[in-house]
Amino acid sequence: MIENSYQNLFKLPDLKRKLLVTLALLFVYRVGVHVPTPGIDGAALSSFFAAASGTLFSMFNMFSGGALERLSIFALGIMPYISSSIILELMTVVVPHLEQLKKEGDAGRKKKTQYTRYGTVVLSIIQGFGISVGLEAMSSPAGVAIVPYPGWGFRLVTIITLTAGTAFIMWLGEQITERGIGNGISLIIFAGIVANMPSALGNTIRLMSTGEMGLFSLIILIVLMVAVVACIIYMEQAQRRIPVHYAKRVVGRKMYGGQTSHLPLKINTAGVIPPIFASSIIMFPTTLAQFINIPAMQTVAAMFSPGTIWYYLLYIGFIVFFCFFYTAVQFNPDDVADNMKKNGGYIPGIRPGKKTSEYIDKVLTRITVGGALYVSAVCVLPTMLMNKFNVPFYFGGTALLIVVGVSIDTISQIESHLISGNYDGFMGRSGAKRVKGRS
């Protein structure tokens, strides 16, 4: 049924509208990536990034969809918003007011979203100032200044431009989530990564033609990417199903329950959030260090740059932490156990209530360990191997995990709309036939 429904994808009015809104907003984002920030020598900046290929700038440029190398109005990308979300979630654990907002339903969610927006603006101002000061001290390999006319005028214009650009991206992401298909923030990052694929393919072909990359290395690289994609698809859909039985109960003249179901727990409950959070945390201080010419900060930047053992250890540590942290934020075993008890459900061999909550938490902790190790391996191992092959672009496991994960989530939402559309159409036709028969 779903295969046939894809042929009629644009025949469902609501789904058609959501898809068109999503594509239109992503198109606006891609146009903004090519709008430069005032006061920048574009040729000198391009030369600088060409010399910085394969460094931290390549990874940050990938997440910004190529906006950083052009220093466009969207150069900061969506990372300030993600960093603000991280800070707010961490503060939820220690600030009672934020903890209370989680229990206030939709009103509390809107309040937290508002706090996240304020934090995004503050972080954008700080990063915009750091970038403007750093750019004034930078020059191309030929010695041409990237900022021809430095000073506070340039700094203020850059701060306002980059902050407004990030705020606009944040608004685009929220509009996609509310009016379109999929998670807007994830789709914006997805669009940025996919937009770099043609240039990455062109660089690979160029290296093949010049003999800098051999055919054997290319084959190994392709096999590695296919294997990682297959692993991601399998693990993202993997579940641990806990059997749940519902006792029979009589309400009035009707009998409810007496059926068997299951509680699905995903191996990777946190999805693509941990590597995104981990990358944003690592990139924030080290990117500022690259712009500010202070020996101590340069040492820190070199120590935690991609390819070093400290970078990999810190990256894995952040991924594991955020896998557990985000899973704990998203999934509450106590609430699940209470809802199960209210509906007359129980896990065979486990007493309802607190024992059920403890059992679910125990199972969730075990599978989260496996999920964290899987995410860490997918994000780190391909990057380590690609450094060995001197791949001319940053397209490690993090990018693959984001692309595949967002694709699966978006396709699932599209299929849900298709199933709903087919179901409503079937019921409508059946209802019409019944009414016609009675008349």
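**The open sheet**

Begin by selecting residues 239-246, 260-266 and 345-346. In this predicted model, three strands form an open sheet, arranged in the order 4-1-5 with antiparallel pairing. Strand 4 (260-266) and strand 5 (345-346) occupy the edges, and each has a single partner strand, so one side of each lacks a neighbour in the sheet. Strands of a sheet pair through backbone hydrogen bonds, either parallel or antiparallel.

Next, restrict the view to strand 1 (residues 239-246) and strand 4. These two strands run antiparallel and are joined by seven bridges. To inspect one of the pairings, select His245 and ask which residue of strand 4 is its bridge partner. The partner is Thr260.

**The nonpolar patch**

Proceed to helix 2 (13-33) and helix 9 (152-179), and display their side chains. Each of these helices supplies at least two residues of a nonpolar patch. The patch lies on the surface, covers about 530 Å² and is made by Phe27, Val28, Val31, Val35, Phe168 and Trp171. Which helix gives the most to this patch? Helix 2 does, with three residues.

Now centre the view on Val28, which lies in helix 2. Its relative accessible area is 35%, so Val28 is classed as partly exposed.

**The negative patch**

Select Asp334, Asp335, Asp338, Glu358 and Asp361, which gather on the surface as a patch of negative charge. Showing helix 16 (333-342) and helix 17 (354-389) as ribbons is useful here, since each supplies at least two residues of the negative patch. The largest share, three residues, comes from helix 16.

Asp335, found in helix 16, is a suitable residue on which to pause. With a relative accessible area of 43%, Asp335 is partly exposed, because that class lies between the limits of 20% and 50%.

**The positive patch**

For the final stop, select Lys341, Arg351, Lys354 and Lys355, which form a positive surface patch. Then centre the view on Lys354, which has its place in helix 17; helix 17 also supplies at least two residues of the negative patch. Is Lys354 buried or exposed? Its relative accessibility is 63%, so Lys354 counts as exposed, the cut-off for that class being over 50%.

To close the tour, colour the two charged patches separately: Asp334, Asp335, Asp338, Glu358 and Asp361 for the negative one, and Lys341, Arg351, Lys354 and Lys355 for the positive one.

Note on methods: Residues are numbered from 1 along each chain as its sequence is written. This is a predicted model: local features need pLDDT of at least 70, side-chain atom pairs count only at pLDDT 80 or more; totals for chains, interfaces and linings use all residues. Side-chain values use heavy atoms; hydrogens and water are left out. Two strands pair if DSSP finds at least two bridges between them. Helices (H or I, at least four residues) and strands (E, at least two) are DSSP runs, numbered from the N terminus. Patches are made of residues with over 30% relative accessible area and no salt bridge: like charges are joined within 9 Å, nonpolar side chains (Val, Leu, Ile, Met, Phe, Trp, Tyr) within 5 Å. Accessible areas come from the Shrake-Rupley method with a 1.4 Å probe; for residues, only the protein chains shown count as cover. A salt bridge is a side-chain nitrogen of Lys or Arg within 4 Å of a carboxyl oxygen of Asp or Glu. Buried means under 20% relative accessible area, exposed over 50%, partly exposed in between (1.4 Å probe, protein chains only). Lys and Arg count as positive and Asp and Glu as negative; His and the chain ends are not counted. The place of a charge is taken as NZ of Lys, CZ of Arg, CG of Asp or CD of Glu.
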